[in-house]
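This report describes a protein model in plain terms. Please look at the sequence and the structure before reading on.

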Amino acid sequence: MSNWKTEAEAREQIKALVAQYYKDFKEPKKAFEPGDRINYASRVFDEKEMQALTDAALDFWLTTGRFAEQFEKDFASWIGVKFAHLVNSGSSANLLAFMVLTAPELGDRQIKRGDEVITVACGFPTTVTPILQYGAVPVFVDVTVPQGNIDVTKLEAAWSPKTKAVMIAHTLGNPFDIKAVKEFCDRRGLWLIEDNCDALGSRYTMNGVTKFTGTWGDIGTSSFYPPHHMTMGEGGCVYTDDPLLNRLILSYRDWGRDCICASGHDNMCGHRFDGDFGQLPHGYDHKYVYSHFGFNLKVTDMQAAVGCEQLKKFPSFIEKRKKNWKYLREALECVSDKLLLPEPVEGGDPSWFGFLITVKPQAGITRNELTRFLEGRNIQTRLLFSGNLVKHPCFDQIRGTDAYRVAGDLTVTDQVMNDSFWIGVYPGMTDEMLAYMAESIIEAVKG
């Protein structure tokens, strides 16, 4: 027999043991020494996340529940939107964001097969994948360096009467030129999906108004994969201010059903058995009426519990990322004649995901030579994702077809593919780690 008098008392004792476990076995204790592994990103957490995860596990609800509801409420309030819904990954968030725009409820603005969506080939593939999977046509536009974002001067040339939307990401935390993109979308009557998976916490100011990235367009998406700005392990979020889009997000996320009852709740509207839908018999159980071809993309409550604690720490994460980026930018200025260093967009206040470097032709070293040198020093590097997505094997079977088109050329995209890479600035990095990275880059470039 235990000495616990109540379940609440038992939980508190279990969570106290978890906190002690963290301090004994998980809390970082070893100081950095040159040669130690420096990852481009990593989880930053303490006993609070482990206790929250334990609390959710003891509920044994497993699917979306009270922690998910709390996170969605807190996240929406923090980022400044009316509606936010958790999903199981950032890729699912992009899929969901695109799919809701194919809903017939949108009338003339519904994206149909063959309609075009302006995007970039220099980025992560899951910004583009939903467009192709549905049968819409991605229209690829070149980017600029050192920002790594869409070249807004090419937008008008990319437009056609078939264009319905723009779906692009904020690269490595640096906002794209939101003013130019939003004005283009408003002028042409286009949807704007902001893939905010690498830029959570970035801000942008336009016409005297400052807002978080992800909230300027019609729909924003975020990822909570471990390398990202905050983590749930797996997980993502879709958010909007539009009530109709919000209703569609819930439907497509939850199997495509028409009912909006949360898991474990029935007949919230009081009309579960008296409706008429499609060609179903009168009074068909509304819980099993499907108005869209949807998915089950929900997150588990255990993931959401971790997210609730991460969100409390998030403002400090943003500031640390900014500090680490600034350190590298100042330390590497001495080799700016050989390396093109990153610059924030005008009007932007980035929550940096990484530090983008493009090797100049006169550097005396190639990108591959530089990244191999750094990896040899145990400094993890990453390319700017796909570089040029249309040159990847996934395009082999559609290359040269009308499944996509390129507006103009992708000259700078190819430059990024050949000459660019990035290193991390995540909150767990210390000044000693940053100094070692900067010194190693300088040594490699100067010889």
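## Helix pairs

Helix α10 passes helix α12 in a right-handed crossing. A crossing is right-handed if the near helix is turned clockwise from the far one by less than a right angle, and left-handed if anticlockwise. The model is predicted, and local features need pLDDT of at least 70, side-chain atom pairs count only at pLDDT 80 or more, and totals for chains, interfaces and linings use all residues. Residues are numbered from 1 along each chain as its sequence is written, and side-chain values use heavy atoms, with hydrogens and water left out.

Helices (H or I, at least four residues) and strands (E, at least two) are DSSP runs, numbered from the N terminus. Helix α10 covers residues 367-376 and helix α12 covers residues 431-446; their axes come within 10 Å and cross at roughly 135 degrees. Axes are lines fitted to C-alpha atoms, for helices over the stretch in contact, and angles run from 0 to 180 degrees between N-to-C directions. The two helices, α10 and α12, are therefore oblique to each other. Angles under 35 degrees count as roughly parallel, over 145 as roughly antiparallel, 65 to 115 as roughly perpendicular, and the rest as oblique. On the α10 side, L370, F373 and L374 make the contact; on the α12 side, S440, I441, E443, A444 and V445 do so. Contact means heavy atoms within 4.5 Å.

A second pair is formed by helix α1 (residues 7-26) and helix α2 (residues 47-59), which pack at an angle of about 140 degrees with their axes 9 Å apart. Helices α1 and α2 are therefore oblique to each other, and α1 passes α2 in a right-handed crossing. Among the residues that meet here are I14, V18 and Y22 in α1 and M50, T54 and L58 in α2.

## The open sheet

Eight strands form an open sheet with mixed pairing, in the order β1-β9-β8-β5-β4-β2-β3-β13. Strands β1 (83-87) and β13 (405-406) stand at the edges, each with a single partner strand, so one side of each has no neighbour in the sheet. Helix α8 (residues 243-253) packs on the sheet and touches β1, β5, β8 (219-223) and β9 (236-240); its direction makes about 15 degrees with that of β1. Within the sheet, β4 (residues 163-169) and β5 (residues 191-195) run parallel and are joined by five bridges. Two strands pair if DSSP finds at least two bridges between them. A169 stands opposite D195 in β5.

## Helix α7

Which residues of helix α7 (residues 178-188) are buried? They are I178, V181, F184 and C185. Buried means under 20% relative accessible area, exposed over 50%, and partly exposed in between (1.4 Å probe, protein chains only). Seen down the axis of α7, the buried residues fall within an arc of 140 degrees, so they line one face of the helix. The arc is that of the directions from the helix axis to the C-beta atoms. An α-helix has 3.6 residues a turn, so residues three or four places apart point the same way. On the other side of α7, D186 and R187 are exposed. The buried residues of α7 pack against β2 (116-120), α6 (155-158), β4, β5 and β6 (203-206). After α7 comes G189, with a positive phi near 70 degrees.

## Strand β6 and its partners

Side chains alternate along β6: Y204 and M206 point to one face and are buried, whereas R203 and T205 point to the other and are not. Strand β6 runs antiparallel to β7 (residues 209-212), with four bridges between them. The hairpin of β6 and β7 has two residues between the strands, and N207 there takes a positive phi near 50 degrees. Strand β6 also pairs with β11 (residues 348-349), in the antiparallel sense and over two bridges.

| Residue in β6 | Bridge partner |
|---|---|
| T205 | T210 in β7 |
| Y204 | K211 in β7 |
| R203 | D349 in β11 |

## Loops

G217 lies in the loop between β7 and β8. G217 and L192 are 25 residues apart in sequence, and their C-alpha atoms are 4.9 Å apart in space. In the loop between β3 (137-141) and α6 lies P146, which a cis peptide bond joins to V145, with omega about 15 degrees.
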